[in-house]
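Morning, everyone. I have one structure to go through today, and I will take it piece by piece.

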Amino acid sequence: MNEKVRKTGHQLEVPDFPVIPFIEGDGIGKDIMGPSQRVIDAAVAKSYGDSRKISWLEVLAGEKAYLQTGEWLPEATLNAFREYLVGIKGPLTTPVGGGIRSLNVALRQTLDLFVCLRPVRWFKGVPSPVRYPHLVDMHIFRENTEDIYAGIEFMAGTAEAGKLMRFLTEEMGVTDQVRFPENSSFGVKPISKDGSERLIRAALEYAIERELPSVTLVHKGNIMKFTEGAFKNFGYDLAESEFGDQVFTWRIYEKLKSERGKIDADKALEEAKKSGKVIVKDVITDAFLQESLLRPFDYSVIATMNLNGDYISDQLAAMVGGIGISPGANINYHTGYAIFEATHGTAPAIAGTGKANPGSLILSGVMMLEYLGWTKAAEHVYDAMDHTFAKRRVTSDLHAQMEGATLLSTSEFADEVIRNMH
Ligand code: NAD
């Protein structure tokens, strides 16, 4: 009865009883995985009765894998994700020494999971530092495979750094831009057309499919013209050439403005909005970090590079209740590979105490249900989470900030969410 999720062409084929591999995770991973799976199972049962059910398959990674197999990320685990396509994971300890930089990075690179998707929405009642938390509804598409995260770095004083410095001066025409050539470290920032396009295409398709109002390209192209600036231009070129009349770009607006004046350009923009076109715009990263706090309602889907995406994800998460309830996924939309994950770390100080908030993993599970097309079950969980927060029944991270709240343990919170599925 248990079957595999498959990808044929553009279509994900999801059987009624899919095998879903999961990595329990280290630290609080043990505390949150079971309760999160209970919530997801309950939502599926509530929505589809006996006709659909997830068949969970545990695979090993992190400390648990190391203790049982001597390896941090066994090949069998990677093979399970290759075979079953869609999986979920708890947080993993980053091994100290031993060649692996980060297990998460290794998973993303091996399966070429080029999109890191982080939806950011507010649940009524959750404490927020911003004035309009109810108007926050953003979806971050962070490029996952390029940028300074490629790991091409050379430490000051090494032969490699010296060789690179000589290459820059002798062959690349660099004169005095490196202020202290004798003791500079270097990092290389690859941003490609192919890498940018596949990320931006996924963001545009997501916005069109969900009828979202805009896609904003966030970049620092005013300074890094050939990397981040190129990302912006690749994005506009792609939107205009591949998505035609489904989008209206800011670049077209600016062209109209210079040719026909502001009144005509504004009119075209208004018409585009009215007819449901996705508005494609861009903003410089520092301005975005400020504007998204002050005017969150101006932003919907965000497409950006790896480092910007890292900073932006945490700021936006803080606007709606912090990392305890921020979900995430790493996806390759071409192969279908997708790993849904808690965005926080292993929180070793509270592991085993019942204090961990399972919200991030539960909501990652909801993203997984949406990805599988089981939207009814996903809506059940969203709805139940809304009710649970509105009743102020929360785990200790949120309890400390909410007046009149009832403190629940990790497992009690999951039970409460299940009780609130109407
Ligand atoms: P962390 O996210 O584990 O903890 C940061 C703070 O948030 C701590 O105060 C912690 O108690 C709190 N916190 C985190 N998740 C929570 C939850 N669900 N409920 C309540 N409180 C929560 O970050 P860190 O301390 O920098 O990292 C600890 C370990 O986790 C490191 O080994 C790091 O490499 C790893 N890590 C893994 C991932 C991942 O697997 N995706 C991500 C980040 C860090």
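I will start with the sheet, go on to some of its strands, then turn to two single residues and the ligand. One thing to keep in mind throughout is that this is a predicted model.

First, the sheet. It is open and made of 11 strands, and the pairing is mixed. If you want to trace it on the screen, the order is β4-β3-β5-β15-β14-β6-β7-β13-β10-β12-β11. Which strands stand at the edges? They are β4, residues 55-58, and β11, residues 247-249. Each has a single partner strand, so one side of each is left without a neighbour in the sheet. From one strand to the next, the twist averages 25°.

As general background, strands in a sheet pair through backbone hydrogen bonds, and the pairing is either parallel or antiparallel. Both kinds come up here.

Take strand β5, residues 86-89. On one side of the pairing there is strand β3, residues 19-23, which is parallel to β5 and joined to it over two bridges. In that pair, Ile23 sits opposite Lys89 of β5. Strand β15, residues 338-342, also pairs with β5 in the parallel sense, over four bridges. There, Val86 is opposite Ala338 of β15.

Side chains in a regular strand alternate between the two faces of the sheet. In β5, Val86 and Ile88 point one way, while Gly87 and Lys89 point the other way. Are these residues buried or exposed? All of them are buried, and that includes Lys89.

Next, the antiparallel case. Strand β6, residues 115-121, and strand β7, residues 137-143, pair in the antiparallel sense over seven bridges. Val120 stands opposite Met138 in β7.

From β7 we can step to strand β13, residues 301-304. β7 and β13 are parallel, with four bridges between them, and Arg142 has Thr304 of β13 as its bridge partner. Strand β10, residues 214-219, is also joined to β13 by four bridges, again in parallel. Here Val218 is the residue opposite Thr304. Thr304 therefore appears in both pairings, facing Arg142 and Val218.

Both faces of β13 are covered. Val301 and Ala303 are buried on one side, and Ile302 and Thr304 are buried on the other.

Now the two single residues. Ser196 is in helix α6, residues 193-209. Its relative accessible area is 1%, so Ser196 is buried, the cut-off being under 20%. The Ser196 side chain reaches the backbone oxygen of Ser192 at 2.7 Å.

Ala156 lies in the loop between β8, residues 153-154, and α5, residues 159-171. Its relative accessibility is 25%, so Ala156 counts as partly exposed. From Ala156 to Gly359 there are 203 residues in sequence and 42 Å in space, C-alpha to C-alpha.

Last, the ligand. How many residues surround the ligand? There are 18, and the closest are Leu92, Thr94, Gly345, Ala347 and Asn357. By type, the shell divides into eight nonpolar, seven polar and three charged residues.

Three of the contacts involve oxygen atoms of the ligand. One is 2.7 Å from an N or O atom in the Thr94 side chain. Gly345 has a polar backbone atom 2.6 Å from a ligand oxygen. For Ala347, a backbone N or O atom is 2.8 Å from a ligand oxygen. On its own, the ligand has 810 Å² of accessible area, and the protein covers 62% of that.

That is the end of my part.

Terms used:
Residues are numbered from 1 along each chain as its sequence is written. This is a predicted model: local features need pLDDT of at least 70, side-chain atom pairs count only at pLDDT 80 or more; totals for chains, interfaces and linings use all residues. Side-chain values use heavy atoms; hydrogens and water are left out. A residue is near a molecule or strand if one of its heavy atoms lies within 4 Å of it. A polar contact is a pair of N or O atoms within 3.5 Å; within protein, one must be able to donate a hydrogen and the other to accept it, and residues adjacent in sequence count only if both atoms are side-chain atoms. Accessible areas come from the Shrake-Rupley method with a 1.4 Å probe; for residues, only the protein chains shown count as cover. Ala, Val, Leu, Ile, Met, Phe, Trp, Tyr, Cys and Pro count as nonpolar, Asp, Glu, Lys and Arg as charged, and the others, Gly among them, as polar. Two strands pair if DSSP finds at least two bridges between them. Axes are lines fitted to C-alpha atoms, for helices over the stretch in contact, and angles run from 0 to 180 degrees between N-to-C directions. Buried means under 20% relative accessible area, exposed over 50%, partly exposed in between (1.4 Å probe, protein chains only).
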